[in-house]
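Dear colleague,

I am passing on the structure that we talked about, and below it I have set out what came up when I went through it. Please read the notes with the coordinates open beside them.

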Amino acid sequence: MRLSRYFIPTYKEVPADAEVVSHQLMLRAGLIRKLTSGIYTYLPAGLRAIRKVEQIIREEMNRAGAIEVLMPAVQPAELWRESGRWDYYGRELLRFKDRHNREACLGPTHEEVITDLVRREIHSYKQMPVNFYQIQTKFRDEIRPRFGVMRGREFIMKDAYSFDVDEDGAERSYKAMYEAYERIFQRCGLRFRAVEADTGTIGGSYSHEYMVLAETGEDEIVSCSACDYAANLEKAEIGDREAPASTDNAAEIFPLEEVETPDVKSVEEVTAFLSIPPETLVKTLIYRTDKEIVAALVRGDHELNEVKLKNALGAQTVELADSRLVEETTGAPMGFAGPMGLKVRILADRAVRGMRNFVTGGNRKDLHLKNVNLGRDFDVERFEDLRVVAPGDVCPRCGGPIRFGRGIEVGHIFKLGTKYSEALRALFLDRNGKEKPIVMGCYGIGVGRTVAAAIEQNHDEKGIIFPIPIAPFEATILPLQMNDARVMEAAETLYGGLMERGVDVLIDDRDERAGVKFNDADLTGIPLRVTVGRKGIEKGIVEIKLRRDTQSVEVPLQGAVDAVLERIKALYDSPA
């Protein structure tokens, strides 16, 4: 490809509305352009990177036995009502009516559509296992699109759906996809980790997220230093080594005491007013679920995990109560809630179980209670792991020390079970002629997110450093003196030789200063650069520089093609 006839519009300055590195560099390097909030056009170089990720995905999905299909973006409301997600999914589902007043949505995911296809076509155990996948545009009407293509409203996704006769088969399908995803992200040249995750709006019983490791990642990852346990922060479990709070944990139970606390509401204010550490206080949090009002108790120095609370309650949604509901439930303004006398279900975090003589709200304005105790003063329905994991906690698998890191989610795989097949009546006849629901799994990869995450993980102050498997071009040739016939002849010979050998090469044949060419080559992140200049030609050499390296290497002009091929091979052998 000749840059003079191509289209890579670069920016020198960082765009003002670009928050993260990948967004900044994708705009500056001419990979994307914004159309409107959360919606982007992929420019030629950006599309080349996208297509390379897609090709890797296709090869590995096909290798794993999945079959490619293409499903509609527009989905009828009836299907979503059958699955129960029309109202549950929330406002991210873009709903509309066609000219016949029929309700529909733009697909954010395709569980309903693929299950509808399968229930019409697959009726016997002999037709399974089967796994269908597609690479298609999705739309989720994010309330606050940000980070460029990392969290846009319209995005390209690979989604696959497996169908099995039983749980054993579903486990094999899940394992096959787990391994395929490992190969996909390895081939993309990324440093990543598979972590346990919540199933969210997709539903199901079990899931893993694939996180590209990056300090700028928006997700926090918890992992064990002693075993292979890893999870995202909302899913991370806490080991059973729950140390009792540092209250008086002796057998003696002290008399309940009322303390006036005028306008003292927050944990920080209450503990300062009473001169106590936060771990001696229990917070009472009132939540509204899709079914009921509940109270959740956590220690003052801990943070409640709403995902864990939702799962513990078996609820579809949980929402922290507003001030009106708090007062209706407790009889007190927000900031003075306590567990005593409540007429709602009470769940408590496991760390509360060992506490003695602790402080709570008094369910009356400007009142807190000291020396509150479980059993004597109130009862808890059950204790659960309800809090966010924190430094000092231990691994739930082996009890080893945990560590924290950051990552960017690029893939997510789920065990769906029979959630959708039961709701949509996707049934089959087993070997004994008995009708059963199909057991499902689903598996997604954000294609654009993968490119953006690669940039977050691979960049420097000059620009992008693309892993070679997903780089728009593998190599670029920079002739520095366009008016020198010898320079241009050498550059053209190299260009033709590399193309003949199958290299994806770009020649910067623009009549620009050397500094402009060097800066654009660094900004766009092409992994290998060949510089052809007058001084080098006089010595019979050209300069080869890897984008990751600080120094270039001189090689003989006559052997330059082979030297480039050798280095490209080395980059593919170790792309990260």
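Are Lys138 and Asp159 buried or exposed? Both residues are buried, and their side chains meet in a salt bridge with an N to O distance of 2.6 Å. The pair links distant parts of the chain, since Lys138 belongs to strand 7 (residues 130-139) and Asp159 to strand 8 (residues 154-164), 21 residues apart. Please keep in mind throughout that this is a predicted model.

The overall picture

The protein has 576 residues, of which 54% count as buried, and its secondary structure comprises 15 helices and 31 strands. Taken along the principal axes, the C-alpha atoms fill a box of roughly 95 × 65 × 50 Å. Among the contacts with a separation of 6 or more, 70% come from residues that are 24 or more positions apart.

Salt bridges

The whole structure holds 54 salt bridges, and a few of them deserve a closer look. Asp141 and Arg153 are joined by one, at 3.1 Å from N to O; both residues lie in the loop between strand 7 and strand 8, so the pair ties together parts that are 12 residues apart in sequence. Asp141 is partly exposed, with a relative accessible area of 23%, whereas Arg153 counts as buried at 17%.

A further salt bridge is formed by Asp484 and Arg486, whose closest N and O atoms are 3.8 Å apart. Here the acidic partner, Asp484, is buried with a relative accessible area of 10%, while Arg486 is partly exposed at 42%. Elsewhere, Glu59, Glu60, Arg63, Arg183 and Arg187 are joined into one network by salt bridges that share partners.

A buried lysine without a salt bridge

Which side chain of opposite charge is nearest to Lys517? It is that of Asp508, at 4.4 Å, and because a salt bridge requires a nitrogen-oxygen distance within 4 Å, Lys517 is left without one although it is buried. The backbone of Asp508 does come within reach, however, its oxygen lying 3.0 Å from a polar atom of the Lys517 side chain. Lys517 is placed in helix 13 (residues 514-524), and, with residues up to four places away in sequence set aside, it touches Leu478, Pro479, Met482, Asp508, Arg510 and Glu512.

The nonpolar core

In soluble globular proteins, nonpolar side chains tend to be buried together. The largest nonpolar core in this model has 59 residues, and those with the most contacts inside it are Leu31, Met61, Tyr181, Ile184, Phe185 and Phe466. Helix 2 (residues 44-63) gives the most to this core, contributing seven residues. Looking at Phe185 in particular, and not counting residues up to four places away in sequence, one finds that it touches Leu190, Phe192, Tyr210, Val410, Gly411, Ile445 and Thr450.

Leu367 and its surroundings

Leu367 lies in strand 19 (residues 367-372) and counts as buried, at 3% relative accessibility. Leaving aside its neighbours within four places in sequence, Leu367 is in contact with Glu258, Val259, Glu260, Thr261, Phe336, Gly361 and Gly362. Its C-alpha atom is separated by 51 Å from that of Ile445, 78 residues apart along the chain, and Ile445 is one of the residues that Phe185 touches.

Cysteines

Why are Cys188 and Cys398 not bonded to their closest cysteines? The sulfur closest to that of Cys188 is in Cys442, 20 Å away, which is too far for a bond. For Cys398 the closest sulfur is in Cys224, at 3.5 Å, and this too is too far for a bond, because a disulfide needs the two sulfur atoms within 2.5 Å. The count of disulfides accordingly comes to zero. As to their surroundings, Cys188 is buried with a relative accessible area of 0%, whereas Cys398 is partly exposed at 43%.

With best wishes

Methods:
Residues numbered from 1 in each chain as written. Predicted model: local features only at pLDDT ≥ 70, side-chain atom pairs only at ≥ 80, totals over all residues. Heavy atoms only, no water. Helix = DSSP H or I, 4+ residues; strand = E, 2+ residues; numbered from the N terminus. Buried < 20%, exposed > 50% of the residue type's maximum accessible area, 1.4 Å probe, protein only. Lys, Arg positive; Asp, Glu negative; His and termini not counted. Polar contact = N/O pair within 3.5 Å; in protein donor to acceptor, adjacent residues only side chain to side chain. Contact = heavy atoms within 4.5 Å. Core = buried A, V, L, I, M, F, W, Y, C linked by side-chain atoms within 4.5 Å.
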